[in-house]
Amino acid sequence: NETDLSWNVSNGTVTINGVSGLEDDFEVETKMLSCYPNPFHEQLNINYHVAENNQKVFIAVFDIYGQLLAEIANGMHNAATYKTSWNGTDRRGIKLPTGNYFIRMISQNKVVTQKIQIVK
């Protein structure tokens with residue numbers, strides 16, 4: 001389903017004026033959810049920040065197919081910075097194999113996802 005659109009191309013320049021907010025978005029995402037060390041073997045440290053009181057927070061681990069593997073947090077939180085850890089197991093307590101996974105945090109109508117890697 002590819003169409004040749006080269007007939008509509010002309011010589012010229014493209015100017016991009018100010019890519020607003022990208023750095024700020026990165027800082028907000030990093031402050032909201034931070035996972036280390038990455039890659040990890042035994043334990044992943046997870047720091048997350050909730051900006052306002054009485055916020056529903058959901059943090060979970062997903063595989064590359066989007067399947068929910070483990071829940072890290074699921075409930076109401078007050079404004080604070082939280083620290084927890086995850087031992088690389090699924091909801092049944094079984095160690096996940098070496099591979100790439102995603103940790104997703106949903107809070108305050110924001111969704112932050114970080115790629116993590118388990119190594120053996």
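Here are five short exercises, with worked solutions, on a predicted model of a single chain.

**Exercise 1. Get an overview of the chain: how many helices and strands are there, and in what order do they run?**

Step 1: Count the elements. You should find one helix and seven strands.

Step 2: Walk along from the N terminus. The elements read α-β-β-β-β-β-β-β.

Step 3: Check how much is tucked away. The chain has 120 residues, and 31% of them count as buried. Its accessible surface comes to about 8,500 Å², with 48% of that belonging to carbon and sulfur atoms.

Step 4: Look at contacts along the sequence. Take those between residues at least 6 apart: 52% of them join residues at least 24 apart.

**Exercise 2. Work out the open sheet of four strands: what is the strand order, and which strands are at the edges?**

Step 1: Recall what holds a sheet together. Strands pair through backbone hydrogen bonds, and the pairing can be parallel or antiparallel.

Step 2: Read across this sheet. The order is β4-β3-β6-β7, and the pairing is antiparallel.

Step 3: Find the edges. Strands β4 (68-77) and β7 (110-118) each pair on one side only, which makes them the edge strands.

Step 4: Add the twist. From one strand to the next, it averages 15°.

**Exercise 3. Take two strand pairs from that sheet, β3 with β4 and β6 with β7: how many bridges does each have?**

Step 1: Start with β3 and β4. They're antiparallel, with eight bridges. One example is phenylalanine 62, whose bridge partner in β4 is leucine 68.

Step 2: Look at how β3 and β4 connect. They form a hairpin with five residues between them. In the turn you'll meet glycine 66, with a positive phi of about 85°.

Step 3: Move on to β6 (residues 99-107) and β7. This antiparallel pair has nine bridges. For instance, asparagine 100 has glutamine 117 as its bridge partner in β7.

**Exercise 4. Hunt for backbone oddities in the loops: which peptide bonds leading into proline 37 and proline 39 are cis, and what is phi at asparagine 54 and asparagine 109?**

Step 1: Go to the loop between β1 (33-36) and β2 (44-50), where proline 37 sits. The bond joining tyrosine 36 to proline 37 is cis, with omega about -10°.

Step 2: Stay in the loop between β1 and β2, which also holds proline 39. Going from asparagine 38 to proline 39, the peptide bond is cis, and omega is near 10°.

Step 3: Now try the loop between β2 and β3 (55-62), home of asparagine 54. Asparagine 54 isn't a glycine, yet its phi is positive, near 55°. Its relative accessible area is 57%, and the cut-off for exposed is over 50%, so asparagine 54 is exposed.

Step 4: Finish in the loop between β6 and β7, where you'll find asparagine 109. Asparagine 109 isn't a glycine either, and its phi is positive at about 60°. With 84% relative accessibility, asparagine 109 is also exposed.

**Exercise 5. Decide about threonine 89: is it buried or exposed?**

Step 1: Locate threonine 89. It's in the loop between β5 (80-86) and β6.

Step 2: Compare its area with the cut-off. Buried means under 20% relative accessible area. Threonine 89 has 13%, so it is buried.

Step 3: See who surrounds it. Leaving aside neighbours within four places in sequence, threonine 89 is in contact with Ala70, Ile94, Lys95 and Leu96.

Step 4: Check for a polar partner. The side chains of threonine 89 and asparagine 87 are joined by a polar contact of 2.7 Å.

Methods: Residues are numbered from 1 along each chain as its sequence is written. This is a predicted model: local features need pLDDT of at least 70, side-chain atom pairs count only at pLDDT 80 or more; totals for chains, interfaces and linings use all residues. Side-chain values use heavy atoms; hydrogens and water are left out. Two strands pair if DSSP finds at least two bridges between them. Axes are lines fitted to C-alpha atoms, for helices over the stretch in contact, and angles run from 0 to 180 degrees between N-to-C directions. Buried means under 20% relative accessible area, exposed over 50%, partly exposed in between (1.4 Å probe, protein chains only). Contact means heavy atoms within 4.5 Å. Accessible areas come from the Shrake-Rupley method with a 1.4 Å probe; for residues, only the protein chains shown count as cover. A polar contact is a pair of N or O atoms within 3.5 Å; within protein, one must be able to donate a hydrogen and the other to accept it, and residues adjacent in sequence count only if both atoms are side-chain atoms.
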